[in-house]
Amino acid sequence: MSSKQFLPLLKGPKNFKELKDQNGYFVDKTEYIKTAFTDTDSVLLFTRPRRFGKTLLMTMFESFLQINPEKPFDTSVQQNYFKGTKILEDKEFCSKFMGQYPVISVSLKDVDGDFFEDAYECFASTIFRLASEYKYLLNSSKLDDSDKEELKNLTTKSYLLQLKNQISIKDSLRTLATALYKEYGKYPILLIDEYDVPLANASFHDLQNSKTYSKDESFIADYHSRMVTLMKAFLGILKDEDTLTKAVLTGCLKVAKNSLFTGVNNFTVNTVTSKDAKYTGMIGFTKEETNQILKDYELDDYTQQVKEHYDGYKFFDKEMFCPWDVVNFIKSNFEFKQNGQLTEIETGNYWAGTTSDKSLSGYIGYLTDKDNQRMQDLVDGKSISFILNESMNYDCLPQHNSDDFWSLLLHSGYLTLDWVQTKKEELKKDSKSNKEVFARIPNLEILECFDKNIKERFADVVKKDNLALNIANALLEGDAQFVQGKLGPLLRSFASVRDTATRSPHENYYHGFLNGIFTNCKDNLGEYHSNIEAGDGYADITFNNLDGTKSCVIEIKVCKEKESRAKKANEAIEQILEKHYAESFFEDENITSVNAIGIAFSGKNCAVACKVIEAKQS
């Protein structure tokens, strides 16, 4: 047994202070405090997979920056916690930032519930705990009565739990920021960890509830849309000028489509695909850090096994390891080696079960045979290509776009970018083209997770039934009844009436809905087009069968709830005929018939009509 003294190795410490209080082993990331807080952008968002150390990073930021309310601007606490770290070597930076700012730090990781009302209660409880940290401000002589009244509301749980008072939740960050500024004369720093968890959970529960209540026509899957509304207001402070010194957020996805960050200026987003070297080593263990911790615990003779099982992530210019895996590997093997009992190294699967794949479940039944082959290629050690959705968003999941599925796997840690192959393809193509990327499974541990959690779960469903392709084939065969029978449940599962309550034409929403379905079977169709010029106008959607003998022209209509959907669907067919959308297809002599398809939508219901147009005989 070695006589060396080893620091305690904490598995998943709750925060930076807990790690330091227990004298735990610390991989020094303090240099990134200066990198982040001298960044000229006022809002920073970092997205990384779960278990990469985002929470430890954020609590380290908080511990370094936070004013001591008992002794404002005294830094003795920080001097103790950060003793021996790199950041203390920078005296000038420390004098300006260490212990010099009020900090609002909140994690949204526990905001969940089967319905919005349940999640709201979790949100309210989170804000209550946050505001209670500043209850001492109720005795401040620098706050006026209205400030104290608003703060008192935030520290009264029974008040916050009432939905009618959710305006206080929406304004909570502004309320706290205003109070802290008045108290200390400095705009606070805002830290939000796991900001996207409430949206991820809402999207998942909408999907589950839609299935559970599919026969209840009064049920509206509006959990996600209501959570978006709440989050937009809650994060509205990011748009304010002269309210915050800086805001830093972490999560798994960059949520952009639902405009959470519309109007936010000076905004930097750093993801697993970003080409910004100054942040790539900030979250996770670099190769050098991993080698050092193995050496420090006298397990460096197992570096190769650790590399094979837990390496493989590449964040732009750096190889990265998941800290959770490395720490668990050391804890599982260290004592046995020290006692001379280690006969065979244990490379356990520590990642399995620690990451949520709730969002993936909605893709069951929508992936194509091509996706099935991609899964096999990945398991075989190959890289696969897809169009990267860099702003992957939870409210676009119901469209079941397979590119989004693979983008989600990349963002969640099942895949890592193959930078070499991606760069080669970028050089071949026009810079204006869609961003096609190549990705692969990073290591043996994730290969095992992928094989069990993804391949086995999805591949069998793909083989049995591809609903999107069945719908497309039915349209080519003119089976309107089958299509209507399949689209109806899909609409009731995924299309919220609120989703159509936008300023854009309602047809755009349903057009996107259909495009999302057909995207998943484009490889089994020929000449798929959306909004293509045809005849005397533009056809909404057109495609052929693979043999190129049959074509389908779809015209979409939207009607009011009390209007006849069947009548509107037939009006759509008349438009196809009157504007001669089908005629250009007969220029191909192989095409013998074109199905004119009219689909009329209203809310969560639809009607489908079909008319076969025969080729004119010469």
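Here is a chat between a student and a tutor about this predicted model.

Student: Before we look at details, what is the mean pLDDT of the protein, and which stretch falls below 50?

Tutor: Across the protein, 88% of the residues reach a pLDDT of 70 or more, and the mean is 86. One stretch drops below 50, yet has 17 contacts in the model beyond near neighbours in sequence. Where pLDDT is low, the predicted coordinates should not be read in detail. So the mean is 86, and the stretch below 50 is residues 495–504.

Student: Got it. How many helices and strands does the protein have, and what share of the residues is buried?

Tutor: The protein has 23 helices and 16 strands. Its chain contacts lean towards long separations: of those with a separation of 6 or more, 74% join residues 24 or more positions apart. Out of 618 residues, the buried share is 55%.

Student: Which residues touch the most other members of the largest nonpolar core?

Tutor: In soluble globular proteins, nonpolar side chains tend to be buried together. Here the largest nonpolar core has 78 residues. Apart from it lies another core, of 48 residues, including Val43, Ala119, Val228 and Ala247. Back in the largest one, the residues that touch the most other members are Phe37, Phe61, Phe64, Phe329, Ile330 and Trp406.

Student: Take Trp406, then. What does it touch, leaving out residues up to four places away in sequence?

Tutor: Trp406 is a buried residue of α17, and it belongs to the largest nonpolar core. Past those sequence neighbours, the residues it touches are Asp371, Arg374, Met375, Leu378, Ile384, Phe386, Leu415 and Phe450.

Student: How many residues of helix α17 are buried?

Tutor: Helix α17 covers residues 402–412. Among its buried residues are Ser402, Asp403, Asp404 and His411, along with Phe405 and Leu408. The helix is largely enclosed by the rest of the structure, because the number of its residues that are buried is eleven of the eleven.

Student: What phi does Gly413 take, just after α17?

Tutor: Gly413 comes just after the helix, and its phi is positive. The value is about 105°.

Student: Does anything in a loop sit by α17? I mean, how far apart in space are Lys254 and His411?

Tutor: Lys254 lies in the loop between β4 (246–251) and β5, and it counts as partly exposed because its relative accessibility is 25%. His411 is one of the buried residues of α17. The two are 157 residues apart in sequence, but C-alpha to C-alpha the separation is 9.3 Å.

Student: Now for empty space. How much lies in the largest cavity, and which element gives the most to its lining?

Tutor: The structure holds two cavities of 30 Å³ or more. Pro49, Val272, Lys314 and Leu410 are among the residues that line the largest one, and by class the lining has seven nonpolar, two polar and one charged residues. Two or more lining residues come from each of β7 (313–315) and β10 (416–417). The space is about 40 Å³, and the element that gives the most, with three residues, is β7.

Student: Is Asn270 buried or exposed, and what is it in contact with beyond four places in sequence?

Tutor: Asn270 lies in strand β5 (residues 267–270). Its relative accessibility is 2%, so it counts as buried. Its C-alpha atom is 8.5 Å from that of Thr280, ten residues along the chain. Beyond four places in sequence, Asn270 is in contact with Leu45, Phe46, Thr47, Arg48, Asp276 and Tyr279.

Student: What about Ala468: how far is its C-alpha atom from that of Leu514?

Tutor: Ala468 is part of helix α20 (residues 467–477). At 1% relative accessibility it counts as buried, because the cut-off is under 20%. Leu514 is 46 residues away along the chain, and the C-alpha separation is 9.5 Å.

Student: Last one. What phi values do Asn23 and Arg51 have?

Tutor: Asn23 lies in the loop between α1 (16–21) and α2 (31–37), while Arg51 is found in the loop between β1 (43–47) and α3 (54–65). Asn23 counts as partly exposed at 48% relative accessibility, and so does Arg51 at 36%. Neither is a glycine, yet phi is positive in each: about 55° for Asn23 and near 70° for Arg51.

Methods
Residues numbered from 1 in each chain as written. Predicted model: local features only at pLDDT ≥ 70, side-chain atom pairs only at ≥ 80, totals over all residues. Heavy atoms only, no water. Helix = DSSP H or I, 4+ residues; strand = E, 2+ residues; numbered from the N terminus. Buried < 20%, exposed > 50% of the residue type's maximum accessible area, 1.4 Å probe, protein only. Core = buried A, V, L, I, M, F, W, Y, C linked by side-chain atoms within 4.5 Å. Contact = heavy atoms within 4.5 Å. pLDDT = per-residue confidence, 0-100. 1 Å grid on protein atoms, 1.4 Å probe; cavity = no way out; pocket = protein on both sides within 12 Å on 5 of 7 lines; lining within 4 Å. Points joined across faces, edges and corners; volume = space filled by probe spheres on them. Nonpolar A, V, L, I, M, F, W, Y, C, P; charged D, E, K, R; others polar.
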